[in-house]
Amino acid sequence: MTLIICYTLCFFLTIVASATTAQEVNDRYYPRYHLAPPYGWMNDPNGFSIYKNEYHLFYQYNPNSSLTPGIAHWGHAKSVDLFHWKHLPIAMYPDQPYDKTGVFSGSAIIEDDTMYLFYTGNVNHPDENPDHEQHQCLATNEEHSDTAFVKYSENPIIQGAEHQPNFRDPKVWKHEEAYYMVLGNSFQNNSLGRVLLYKSTDKIKWNEVSVLHESNGTLGYMWECPDFFELNGYYVLLFSPQGVVPEGDKYRNLYQVGYFVGKFDYETYKFVPLTEFVELDHGNDFYATQTIEKAKRRILIAWFDMWEQNYPEGPDGFTGCMTIPRELTLNKKLKLIQKPVSELNLIKGRVLRGGRGNKGDSVTLPDKAGEVLIEAQREDDLEVLFEGANSTVIVTYDVSNETITLNRGGNDGIRRTQWRPRGKFTWKIYVDASTIELFTGDGEVTFSTRFFPDGPITVRLGNNSKTQKFKVTEIGRTIINAQTTNNYNI
Ligand code: FRU
């Protein structure tokens with residue numbers, strides 16, 4: 001009798017389990033050429049790296065539900081060109097005492113054909129104060145495999161007792177013969193954010209060598225996902241502060257991404273910023289960036305979403321996607337310039353329209369995806385609309401105020417920033433089912449915003465708008481269809 005009950009129960013549980021893991025994802029908002037999870041919840045990019053000539057991207061992943069972040073796993077995908085992504089099995093599960101409530105964010109370095117994944121093990125202690133602790137951990141791939149990972153037997157490699165409870169998101173790089181790691185931290189009773197610098201000679205034993213930079217009180221209570229790299233002879237400290245107070249058009253999102261540019265000395269481990277803190281993107285949904293260097297190019301990718309949004313994609317079976325990978329350079333004013341990586345040209349399809357544009361001219365995008373190139377007079381206002389059923393994004397240039405405004409409607413839908421075209425007025429705008437990314441001609445200003453149009457998306461020039469060029473090009477699917485990818489054993 002007991003056996004029968006047990007069998008029945010097991011059978012029932014199996015059905016429930018398969019019903020929740022092989023969920024179908026509705027295609028209406030699912031990106032065609034931006035990486036999104038096969039099913040479930042995606043947040044930060046992790047472990048961005050190149051192994052055996054393929055890009056690998058891991059990400060914070062909840063395979064069990066698209067409605068909540070759950071307990072973070074590391075999801076995994078790879079690509080030869082940053083656009084055709086293949087989903088791979090989950091790389092790391094929260095299955096150890098030191099990471100049982102989250103395999104949190106981290107990075108990768110590749111050496112001697114081995115992938116070294118550095119991450120934060122999160123352990124919650126409900127009803128205690130503090131209610132969680134975070135330690136740094138290591139995993140490596142099994143020989144010749146890019147899908148099987150083994151956690152280091154002596155984890156955690158950094159305990160950081162004095163830096164608890166917010167001590168996370170290791171970004172590791174090699175310089176000459178040593179390894180360096182930046183970590184996000186909060187101090188003074190969790191009231192101020194900062195970035196700590198660690199050093200190692202063997203990737204296992206780490207010493208704290210400096211506080212790279214810290215909040216002076218205006219930059220929030222916690223700095224997440226730090227990154228630190230050299231660009232044109234300067235050093236960029238890029239991070240995601242929490243708790244920055246909105247100031248006019250600045251810092252309107254729940255959390256921000258921004259950077260300082262400065263000088264760094266590997267002898268003293270001191271970073272001296274030469275700029276103010278600058279926000280990297282002006283859209284509604286851009287967070288937790290990570291970069292890698294490839295053949296002297298610095299490539300950045302970000303989580304194309306924001307915490308606590310409850311977007312309608314959730315009930316559709318997925319939450320979150322990644323931005324278009326962008327190449328970073330530094331201009332003479334020490335501002336970061338972002339351009340879509342040139343590989344994007346490989347996935348463009350037919351030109352749907354070219355030539356000049358006048359008010360009312362419109363194009364409906366096939367499969368809700370495409371590139372819109374605008375060249376206009378610097379002296380004229382401009383309005384471009386992206387219209388779908390139930391959701392429209394309006395992008396305007398206001399010549400008298402020298403501002404770009406992106407309005408996706410709804411509560412808190414407006415984002416705005418200063419921009420004055422230097423030379424020719426050019427915008428490139430990328431649309432993908434539920435994403436819109438605007439790059440000004442020189443890449444000095446970007447907006448990354450999610451919107452959720454049902455049915456087809458039409459691009460239209462607004463009233464009083466005329467352009468010298470209004471070129472629309474289709475972009476095809478590069479991500480294996482969401483339904484197909486569910487065949488992976490997740
Ligand atoms: C940033 C972040 C990281 C953390 C991860 C958890 O979005 O909060 O600091 O490691 O997400 O999923």
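How far is an oxygen atom of the ligand from a polar backbone atom of Ser-105? The gap is 3.1 Å. Keep in mind that this is a predicted model.

## Holding the ligand

Let's look at what else reaches the ligand's oxygen atoms. Arg-168 has a polar side-chain atom 2.8 Å from an oxygen atom of the ligand. Trp-307 also joins in, with a polar side-chain atom 3.0 Å from a ligand oxygen. On its own, the ligand would expose 320 Å², and the protein buries 93% of that.

## Who makes up the shell

Four elements each give two or more residues to the shell around the ligand: β1 (40-51), β5 (103-111), β9 (167-175) and β13 (222-231). The residues around the ligand include Asn-43, Asp-44, Phe-104, Ser-105, Arg-168, Asp-169, Glu-224 and Cys-225. Gln-60, Tyr-287 and Trp-307 are also among them.

What kinds of residues are these? The shell splits into four nonpolar, three polar and four charged residues.

## The sheet that includes β9

Now follow β9 away from the ligand. This strand belongs to an open sheet of four strands, and the order is β9-β10-β11-β12, with antiparallel pairing. At the edges sit β9 and β12 (206-214), each pairing on one side only. From one strand to the next, the twist averages 25°.

How many bridges join β9 and β10? There are seven, and these two strands pair in the antiparallel sense, with β10 covering residues 178-187. If you want a spot to find in the structure, try Phe-167, which stands opposite Asn-185 in β10.

Key: Residues numbered from 1 in each chain as written. Predicted model: local features only at pLDDT ≥ 70, side-chain atom pairs only at ≥ 80, totals over all residues. Heavy atoms only, no water. Near = heavy atom within 4 Å. Polar contact = N/O pair within 3.5 Å; in protein donor to acceptor, adjacent residues only side chain to side chain. Areas by Shrake-Rupley, 256 points an atom, 1.4 Å probe, with all protein chains shown as cover. Nonpolar A, V, L, I, M, F, W, Y, C, P; charged D, E, K, R; others polar. Pairing = 2+ DSSP bridges. Axes fitted to C-alpha atoms, helices over the stretch in contact; angles between N-to-C directions.
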